[in-house]
Amino acid sequence: MIDLDVHLAAIVGGDAGAFARWLAAAEPSVRDSLRSFAAVVDVEVVVQETLLRVWQVAPRFERDGRPNGLVRLAVRIARNLAVSELRRTKARPVEPDELDRALPAVQPTEPDPMLRRAIVDCRDKLPPRPRQVFDARLADAGARDDVDLAASLGMRVNTFLQNFTRARQLLADCLRKRGIVVDEELA
């Protein structure tokens with residue numbers, strides 16, 4: 001692996017292209033470092049949070065003279081985040097046999113028609129742009145990333161994300177007013 005710290009000066013200068021080049025080469029190492037956590041934490045979330053943190057701390061990063069210092073920092077951040085997530089969720093791996101035994105005990109429930117109606121009513125009260133973005137995300141069901149969804153709506157990604165955040169907050173506020181408890185992490 002070449003020393004990816006060659007991109008460091010440009011990254012510190014805020015060059016998103018340099019960060020993208022660094023990221024393309026560094027991401028496999030970060031993912032590989034999380035392999036042992038894959039059964040108990042959402043590795044994708046950890047990787048995304050790690051890369052965001054690397055972008056934020058890169059201007060303060062000081063090289064230690066060894067190659068790939070920023071990659072080593074990313075791996076350390078990723079592993080720390082994974083351990084924190086593991087502790088937070090108290091997750092533990094489950095053997096397939098244990099999971100098979102537990103499945104018959106889980107009975108699917110019918111959707112609550114009153115809750116469904118409240119969600120639809122609150123969604124219908126959203127302003128046009130946030131509702132458009134919210135509906136696009138729901139209809140897409142995760143098939144495309146936000147960049148593609150934003151482009152399909154003729155929006156910049158930032159505008160798309162701001163509208164989605166606004167839609168989510170307004171929806172949560174509306175549901176709370178109807179006495180429906182909304183998890184604060186979702187709102």
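Reader: In which helix is the place of Glu44?

Author: This is a predicted model, and in it Glu44 has its place in helix α3. With a relative accessibility of 37%, Glu44 counts as partly exposed, because that value falls between the limits of 20% for buried and 50% for exposed.

Reader: What does the side chain of Glu44 join in a polar contact?

Author: The side chains of Glu44 and Gln48 are joined by a polar contact of 2.8 Å. As for its surroundings along the chain, Glu44 and Leu34 are ten residues apart, and their C-alpha atoms are separated by 9.7 Å.

Reader: Before going further into single residues, how many helices and how many strands does the protein chain have?

Author: The protein chain has nine helices and zero strands, and read from the N terminus the elements run α-α-α-α-α-α-α-α-α. Of the 187 residues in the chain, 28% are buried, and the chain exposes about 12500 Å², with carbon and sulfur atoms supplying 56% of that area.

Reader: What share of the contacts with a separation of 6 or more comes from residues 24 or more positions apart?

Author: Among the contacts in the protein chain with a separation of 6 or more, 61% are accounted for by residues that lie 24 or more positions apart.

Reader: How are two packed helices described?

Author: Two packed helices are described by the angle between their axes together with the distance between those axes. In this structure, the axes of helix α7, residues 128-140, and helix α9, residues 157-177, come within 8 Å and cross at roughly 95°. That angle makes α7 roughly perpendicular to α9, because it lies in the range of 65 to 115 degrees.

Reader: Which residues of α7 and α9 meet?

Author: From α7 the residues are Arg129, Pro130, Val133, Phe134 and Arg137, and they meet Phe160, Leu161, Asn163, Phe164, Arg166, Ala167 and Leu171 in α9. Sorted by class, this contact of α7 with α9 has eight nonpolar, one polar and three charged residues.

Reader: Is Asp140, which lies in helix α7, buried or exposed?

Author: Asp140 counts as buried, because its relative accessibility is 12% and the limit for buried is under 20%. A polar atom of the side chain of Asp140 lies 3.0 Å from the backbone nitrogen of Ala143.

Reader: Where is Ser152 found, and which backbone oxygen does its side chain reach?

Author: Ser152 is found in helix α8, which covers residues 146-152, and the side chain of Ser152 reaches the backbone oxygen of Leu149 at 2.7 Å. The relative accessible area of Ser152 is 44%, so this residue is partly exposed. The C-alpha atoms of Ser152 and Ala136 are separated by 9.2 Å, while the two residues are 16 residues apart along the chain.

Reader: Turning to the loops, where does Asn68 lie, and what is its phi?

Author: Asn68 lies in the loop between α3, residues 43-57, and α4, residues 69-89. Its phi is near 60°, which is a positive value in a residue other than glycine. Asn68 has a relative accessible area of 11%, and is therefore buried.

Reader: Which residues does Phe61 touch, not counting residues up to four places away in sequence?

Author: Phe61, which is found in the loop between α3 and α4, touches Leu8, Gly69, Leu70 and Leu73 when residues up to four places away in sequence are not counted. For Leu73, the C-alpha to C-alpha distance from Phe61 is 8.9 Å, with the two residues twelve apart in sequence. Phe61 is buried, because its relative accessible area of 18% is under the limit of 20%.

Conventions: Residues are numbered from 1 along each chain as its sequence is written. This is a predicted model: local features need pLDDT of at least 70, side-chain atom pairs count only at pLDDT 80 or more; totals for chains, interfaces and linings use all residues. Side-chain values use heavy atoms; hydrogens and water are left out. Helices (H or I, at least four residues) and strands (E, at least two) are DSSP runs, numbered from the N terminus. Buried means under 20% relative accessible area, exposed over 50%, partly exposed in between (1.4 Å probe, protein chains only). Contact means heavy atoms within 4.5 Å. Accessible areas come from the Shrake-Rupley method with a 1.4 Å probe; for residues, only the protein chains shown count as cover. Axes are lines fitted to C-alpha atoms, for helices over the stretch in contact, and angles run from 0 to 180 degrees between N-to-C directions. Angles under 35 degrees count as roughly parallel, over 145 as roughly antiparallel, 65 to 115 as roughly perpendicular and the rest as oblique. Ala, Val, Leu, Ile, Met, Phe, Trp, Tyr, Cys and Pro count as nonpolar, Asp, Glu, Lys and Arg as charged, and the others, Gly among them, as polar. A polar contact is a pair of N or O atoms within 3.5 Å; within protein, one must be able to donate a hydrogen and the other to accept it, and residues adjacent in sequence count only if both atoms are side-chain atoms.
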